[in-house]
Amino acid sequence: MQKYTFFMINKGNKLYSIMNGSCPRCHEESMYINNNSYVLSDTLKMHERCSHCNFKYRIEPSFFYGSMYVSYGVGIAFAVAAFVISYLILGSSLMVAFISIIGTLVAFAPIIMRLSRNIWINLFVHYDKTAAKTN
Ligand SMILES: [Zn+2]
């Protein structure tokens with residue numbers, strides 16, 4: 001069970017599952033074995049199935065390879081944010097802006113990887129009220 005929620009997003013909203021990494025079908029359990037994505041050995045370790053609704057996360061073999069497409073887009077979003085903050089808001093030089101982009105991508109890599117997986121699985125799996133209630 002997740003103890004926290006971001007931005008007051010309720011269960012049933014796809015963003016809840018994406019932000020919390022919870023089961024895309026019932027939103028009741030975390031997909032990840034370790035809730036801290038910065039424990040690097042555990043960043044991509046996931047449960048085989050949801051303990052609440054028994055949903056199998058790896059829908060097909062190497063399902064999560066597809067999340068690499070998503071991570072490209074998510075990475076761009078972080079890079080653009082880093083550029084806007086350093087170059088446009090803080091008025092840094094282009095070189096410093098470039099370094100801050102690299103630094104941001106490295107520092108947020110675990111979050112980017114998990115976000116991508118969460119978005120990827122949520123493209124295919126939708127919230128199921130009855131799955132949330134059973135068990
Ligand atoms: Zn579930």
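## The zinc site

The zinc ion is held by four sulfur donors: C23 (SG), C26 (SG), C50 (SG) and C53 (SG), at 2.2 to 2.3 Å. Donors here are N, O and S atoms within 2.8 Å of the metal (3.2 Å for Na, K and Ca), and water is not among the atoms, so sites may look incomplete. This is a predicted model: local features need pLDDT of at least 70, side-chain atom pairs count only at pLDDT 80 or more, and totals for chains, interfaces and linings use all residues. Residues are numbered from 1 along each chain as its sequence is written, and side-chain values use heavy atoms, leaving out hydrogens and water.

What spacing do the donors of the zinc ion follow along the chain? The pattern is C-x2-C-x23-C-x2-C. C23 and C53 are 30 residues apart, both in the loop between helix 1 (14-20) and helix 2. Helices are DSSP runs (H or I, at least four residues), numbered from the N terminus.

## Buried cysteines

Are C23 and C53 buried or exposed? C23 is buried because its relative accessible area is 0%, and C53 is buried too, at 10% (buried means under 20%, exposed over 50%, partly exposed in between, with a 1.4 Å probe and protein chains only).

## Around S92

S92 sits in the loop between helix 2 and helix 3 (94-107). S92 is buried, with a relative accessible area of 18%. Beyond its neighbours within four places in sequence, S92 is in contact (heavy atoms within 4.5 Å) with S86, Y87 and A97. Y87 belongs to helix 2 and counts as partly exposed because its relative accessibility is 32%.

How values were computed. Helix = DSSP H or I, 4+ residues; strand = E, 2+ residues; numbered from the N terminus.
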